[in-house]
Amino acid sequence: MDQNPGGVSESAARAARDVRVLFSRLRRRLREVAGGDGLTPSQVSALTLVAKGGAATASALASAEGVRPQSMAATLAVLEQHGLIRRSPDPDDGRRQLVTLTDAGRERVEGDRQARQEWLARALEDRYTEDERRTVLEALSLLERLTQP
């Protein structure tokens, strides 16, 4: 079995590259399917982060996204202009503001999620046989191990 300089087999190196490229392409395609209504990927990402994590400060969101606080402030300003988030005083520290989703923001996130789910299910239905879908499920079960500590 051939080894790469990193000490892993050629097949492991190829699988790692192919999985990374595939997931990157799939993520990009899912973003396209969800639309955007004029939002940038970073704005959609911040909106999704608030949806998943609940109320948060701008600095906590910036840290979670790995961006400068000024960049997050600009992102949040656009989301607020679109009526997707609201800022309110932090009950524990009046100097800070908490960012939460508006009803429109929740509808947007849920609509995007549903559009992605429907597109993916339809694509799997149309492009694969039942046996191939079973193979995809088996492969996903194997890939699930990568998420374990």
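Two strands count as paired when DSSP finds at least two bridges between them. In this predicted model, strand β1 (residues 85–90) and strand β2 (residues 93–101) pair in the antiparallel sense over 6 bridges. A hairpin of 2 residues joins β1 to β2. Within the pair, Ile85 stands opposite Leu101 in β2.

The model also has pockets, and two of them are described here by volume and by the class of their lining residues.

| Pocket | Volume | Lining by class |
|---|---|---|
| Largest pocket | About 570 Å³ | 14 nonpolar, no polar, 4 charged residues |
| Second largest pocket | About 440 Å³ | 6 nonpolar, 6 polar, 6 charged residues |

The largest pocket encloses about 570 Å³ of space. Its lining consists of 18 residues, and Leu22, Leu26, Leu124, Tyr128 and Val136 are the closest to the centre of this pocket. The elements that contribute two or more residues to this lining are α1 (10–33), α5 (103–127) and α6 (130–143). No polar residue occurs in the lining of the largest pocket, which has 14 nonpolar and 4 charged residues.

For the second largest pocket, the space amounts to about 440 Å³. This pocket is lined by 18 residues, and those nearest its centre are Arg27, Arg31, Val44, Thr48 and Arg116. At least two lining residues come from each of α1, α2 (41–53) and α5. Helix α2 gives the most to the lining of the second largest pocket, with 7 residues. By class, this lining divides into 6 nonpolar, 6 polar and 6 charged residues.

Methods
Residues are numbered from 1 along each chain as its sequence is written. This is a predicted model: local features need pLDDT of at least 70, side-chain atom pairs count only at pLDDT 80 or more; totals for chains, interfaces and linings use all residues. Side-chain values use heavy atoms; hydrogens and water are left out. On a 1 Å grid over the protein atoms alone, a cavity is a set of points where a 1.4 Å probe fits but cannot get out, and a pocket is an open set with protein on both sides within 12 Å along at least five of seven lines; lining residues have an atom within 4 Å of a point. Grid points are joined across faces, edges and corners, and a volume is the space filled by probe spheres set on the points. Helices (H or I, at least four residues) and strands (E, at least two) are DSSP runs, numbered from the N terminus. Ala, Val, Leu, Ile, Met, Phe, Trp, Tyr, Cys and Pro count as nonpolar, Asp, Glu, Lys and Arg as charged, and the others, Gly among them, as polar.
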